[in-house]
Amino acid sequence: MTDTPPQDDFDPHVEETFDSPHVEYRRMRAECRVAHSSAHGGFWALTRYDDIVAAVTDNDRFITSKINVIPNMSLGKRRPPLGKDPPEHTPFRRALDRTLRHSRITSMEPALRAHAARELERMIAAGEGDISSDFATIYPAWVEVEWLNLDPSNAPLLAEVARLYNIAWRNENLDAVAQTSAKLYDVATGVVEDRKRNPRPVESDPASALLAEETPDGPIPDAYIIDTIRQVLVVGLMAPPPLFGAICVHLVRHPDLQDELRANPDRIPAAVEEFLRLYSPYRGFARTTTCDVEMHGRVIPKDDPVTMVYASANRDERVFDDPDTFRFDRENIRQHLAFGRGAHQCAGAGLVRLEMRIFLEELLSRTRGLELAGELEMTRLPELGPTSTPLRFIPA
Ligand code: HEM
């Protein structure tokens, strides 16, 4: 351990444009692959693909049970599954995975398509709309309602919470985070109380699957189940606004790609994967070191937080040739880290792929063009991409 604080290699508070973070991460990958910033109480950032994969698959030296995002706004709570390390993490994850198998995801397609079509119709009929703060808050809210079997009346509330939470988080406003978090806890508590009285099939109901799960110490305590439902509400709501916004900016910049996908919708799943790589909306999740870790000539001290910058790894030129360019022909595309890697790799990846495919199919088939209708507003760490993406729709 050193007594003097390490030098600052980057400033996470710098004003960003749509493209600027990627220029900065290219510099960091070249000049300071193990980078330090004194912002947010001091933290490290890994930016190269290989370093990140090595760290997130090393559960002994890089843990999630202390801090999982920077800035840390978790209000002192370590919610499962992200806030637990293996082996405590395993039963939570096993229960959620049971409800996200291929057959369950496939069975959700008609309902999700109906929600996407209805919400898009509304915006396209109006001629203009904000794909990030409008569609990409309400449509993922419907996805959560369908997956968690919530009462439909919760969808507008979840969409509103997603908007509020994003603003509160960006402004590092702990009071607002606490208030919005309480609303999500109300939803989570309600569903767990109901499933205790009326259990549902464990293959199709996350709360029931968690209640039925056995750990070496018996059933999972109710408080942890409520924490888990609360967490999955948020992970599913926060990523789509910047991701869907960034995809639309890309499509506006490349009308030829829009035409290509309209003419060949069978290419949309490949486009989904490349969009995930290019516009990873969770720019980085954090781990904490359990001992001094030496990496490439620097020592990350024990107990220091380290952000794994997935968005940078996905444009690492050592792994993805010509990384800033959209391409259909990447043989290693499935290696991208938009969903992370290792024990905490996204449980909802299959559902997200379906959600995105439906979004693109419904958007492109209803329009013949897209234009930007105003200024973009960009989010900050831990997300990446626009929180406001005003669009003009040219109907088909
Ligand atoms: C665009 C949408 C999404 C993206 C980009 C995304 C990405 C991610 C990433 C990168 C992680 C890893 C966190 C880490 O390394 O610490 C993660 C974890 C997780 N995601 Fe997603 N996610 C999305 C949507 C969803 C949805 C809709 C669900 C629910 C069905 C979900 C459920 C989870 C869960 C439960 C975890 C924690 C897994 C664990 O700790 O074992 N995600 N997600």
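User: What makes the five strands E1-E2-E10-E7-E3 a sheet, and is it open or closed?
Analyst: Two strands pair if DSSP finds at least two bridges between them. The five strands form an open sheet in that order, with mixed pairing. Strands here are DSSP runs of at least two residues (E), helices runs of at least four (H or I), numbered from the N terminus. The model is predicted: local features need pLDDT of at least 70, side-chain atom pairs count only at pLDDT 80 or more, and totals for chains, interfaces and linings use all residues. Residues are numbered from 1 along each chain as its sequence is written.

User: Why are strand E1 (34-37) and strand E3 (62-63) called edge strands?
Analyst: Each pairs on one side only.

User: How do you know that strand E7 and strand E10 pair?
Analyst: E7 (residues 284-289) and E10 (residues 305-309) share five bridges, in the antiparallel sense. The cut-off is at least two bridges, so they pair. Arg287 stands opposite Val306 in E10.

User: What makes Tyr310 a contact of Ile52?
Analyst: Contact requires C-beta atoms, placed from the backbone, within 7 Å. Tyr310 touches Ile52, and also Leu337, Ala338 and Gly340, among others.

User: Which residues have the most contacts inside the largest nonpolar core?
Analyst: They are Ile52, Ala141, Ile229, Leu233, Val306 and Tyr310, in a core of 99 residues. Such a core is a set of buried Ala, Val, Leu, Ile, Met, Phe, Trp, Tyr and Cys residues joined through C-beta atoms within 7 Å. Buried means 20 or more other C-beta atoms within 10 Å of a residue's own. Helix H6 (residues 131-148) gives the largest share of this core, eleven residues.

Technical notes
A residue is buried if 20 or more other C-beta atoms lie within 10 Å of its own, exposed if 12 or fewer, and partly exposed in between; C-beta atoms are placed from the backbone. Two residues are in contact if their C-beta atoms, placed from the backbone, lie within 7 Å. Lists of a residue's contacts leave out its neighbours within four places in sequence.
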